[in-house]
Amino acid sequence: MVNKYYDLATSFYEFGWGESFHFATRWVGESLRESIKRHEHFLALQLGLTPGQKVLDVGCGIGGPLREISRFSSTSVTGLNNNEYQITRGKALNRKTGVDKTCNFVKADFMKMPFEDNSFDAVYAIEATCHAPDAYGCYKEIYRVLKPGQCFAAYEWCMTDSFDPNNQEHQKIKAEIEIGDGLPDIRLTTKCLEALKQAGFEVIWEKDLASDSPLPWYLPLDKSHFSLSSFRLTAVGRLFTRNMVKALEFVGLAPKGSQRVQDFLEKAAEGLVEGGKREIFTPMYFFLARKPASESN
């Protein structure tokens, strides 16, 4: 399901969002692009990356964060992705930006990684492991490939403590996000924390970073907000894109199903904005966790 969704959705994401398919905390006066880069630099700094280290990006998309973090920290980053279309696009962008000698992609399922035990100096995931059908199984695999004493950091899509499973409106918003973004059941922040500890990690710190963002993380998707710098994401820009896609699909220049995927993304955007406004959903539940230096610790 995730693969078929991303085959068609990737081009929409890149057109509207750029090479990094994620949200970010944002300061007043800061552009969306600047905030996304800072969000990635923050992750690298929290991991304490140093030149020459071997790093794994779990669920790397087309590699926007991978390229940024590699250049920022002078590390070698391997991107793990199960979607052939995204890997092909990512390799082309790696060559274009000149990081193809230090960064690479591996096509695989992050529930069954094709790496030896204790292979990486650091592992991170940006809004990707929410696609895992089982958080514990995913984190346990990350634990296996991470070297002892080293860290795993992630931004997770989660329902917050404000989410009420008995509230029909809350359930509707949750379903819109899940269907529109090709997700299984979105986990609570507490469930992610439990799964991390169960997998063997020591949690150094964790926090929903959305709660401290000066500007709402969902602002680029909010139809009531207009921005020339993010015109494609505004109501006018999205209407233009929808009509353009409809016309291109009609004449056979866009793949069949493009309009349907566009509709899915529109629905997802509505769910994300509502989830953000009601503070029942966050795309940036952050945690930094360490694999003990020895199994006995």
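Q: In what order do the 7 strands of the open sheet stand?
A: In this predicted model, the order across the open sheet is β3-β2-β1-β4-β5-β7-β6, and the pairing is mixed. The strands at the edges are β3 (103–107) and β6, each with a single partner strand, so one side of each has no neighbour in the sheet. Neighbouring strands are turned against each other by 15 degrees on average, direction ignored.

Q: How do strands of a sheet pair?
A: Strands pair through backbone hydrogen bonds, and the arrangement is either parallel or antiparallel. Here is one pair to look at. Strand β1 (residues 54–58) runs parallel to strand β2 (residues 76–81), and 5 bridges join them. Within this pair, valine 55 is placed opposite valine 77 of β2.

Q: Which strands does α2 touch where it packs on the sheet?
A: Helix α2 touches β4 (120–126), β5, β6 and β7. The direction of α2 makes about 145 degrees with that of β5.

Q: Why can side chains of opposite charge pair?
A: They can pair when their charged atoms come close. A search of the whole structure gives 16 salt bridges. One of them joins the side chains of lysine 37 and glutamate 68, at 2.8 Å from N to O. Lysine 37 belongs to helix α2 (residues 32–47) and glutamate 68 to helix α3 (residues 64–73), so this salt bridge ties together parts that are 31 residues apart in sequence.

Q: Are lysine 37 and glutamate 68 buried or exposed?
A: The two partners need separate readings. Lysine 37 is partly exposed, at 29% relative accessible area. Glutamate 68 has a relative accessible area of 11%, and a residue counts as buried under 20%, so glutamate 68 is buried.

Q: Which residue has a side chain that meets aspartate 100 in a salt bridge?
A: It is lysine 101, with 3.6 Å from N to O. Lysine 101 is exposed, at 75% relative accessibility, while aspartate 100 is partly exposed, at 32%.

Q: Why do residues three or four places apart in an α-helix point the same way?
A: An α-helix has 3.6 residues a turn, so such residues point the same way. A case from this model follows. Glutamate 176 and lysine 172 form a salt bridge through their side chains, at 3.0 Å from N to O. They are 4 residues apart in helix α6 (residues 168–180), which means that about one helical turn separates them. Glutamate 176 is buried, with 10% relative accessible area, and lysine 172 is partly exposed, with 45% relative accessibility. Elsewhere, salt bridges with shared partners join Lys37, Glu68 and Arg71 into one network.

Q: What does glutamate 178 touch, not counting residues up to four places away in sequence?
A: Glutamate 178, in helix α6, touches Leu183, Pro184, Asp185 and Ile186 on that count. Its side chain also makes a polar contact of 2.7 Å with the side chain of lysine 174. Glutamate 178 counts as buried, at 14% relative accessibility. Distance in sequence and distance in space can be set side by side here: glutamate 178 and glycine 271 are 93 residues apart in sequence and 9.0 Å apart in space, C-alpha to C-alpha.

Q: Which residues of helix α7 are buried?
A: In helix α7 (residues 189–199), the buried residues are Thr189, Cys192, Leu193, Ala195, Leu196 and Ala199. They cover an arc of only 160 degrees around the axis, so they lie on the same side of α7. On the other side of α7, Lys197 and Gln198 are exposed. The buried residues of α7 pack against α5 (135–145), β5 (146–159), β6 (202–208) and β7 (281–290).

Q: What sign of phi do most residues other than glycine have?
A: Most of them have a negative phi. Asparagine 118 has a positive phi, near 55 degrees. Asparagine 118 sits in the loop between β3 and β4 and is partly exposed, at 37% relative accessibility. Glutamate 279 also has a positive phi, of about 60 degrees, and is not a glycine. Glutamate 279 is placed in the loop between α9 (258–277) and β7, and it is exposed, at 56% relative accessibility. There is a glycine to look at too: glycine 200, just after α7, takes a positive phi of about 115 degrees.

Notes:
Residues numbered from 1 in each chain as written. Predicted model: local features only at pLDDT ≥ 70, side-chain atom pairs only at ≥ 80, totals over all residues. Heavy atoms only, no water. Salt bridge = Lys/Arg side-chain N within 4 Å of Asp/Glu carboxyl O. Helix = DSSP H or I, 4+ residues; strand = E, 2+ residues; numbered from the N terminus. Buried < 20%, exposed > 50% of the residue type's maximum accessible area, 1.4 Å probe, protein only. Arc of directions from axis to C-beta. Contact = heavy atoms within 4.5 Å. Polar contact = N/O pair within 3.5 Å; in protein donor to acceptor, adjacent residues only side chain to side chain. Pairing = 2+ DSSP bridges. Axes fitted to C-alpha atoms, helices over the stretch in contact; angles between N-to-C directions.
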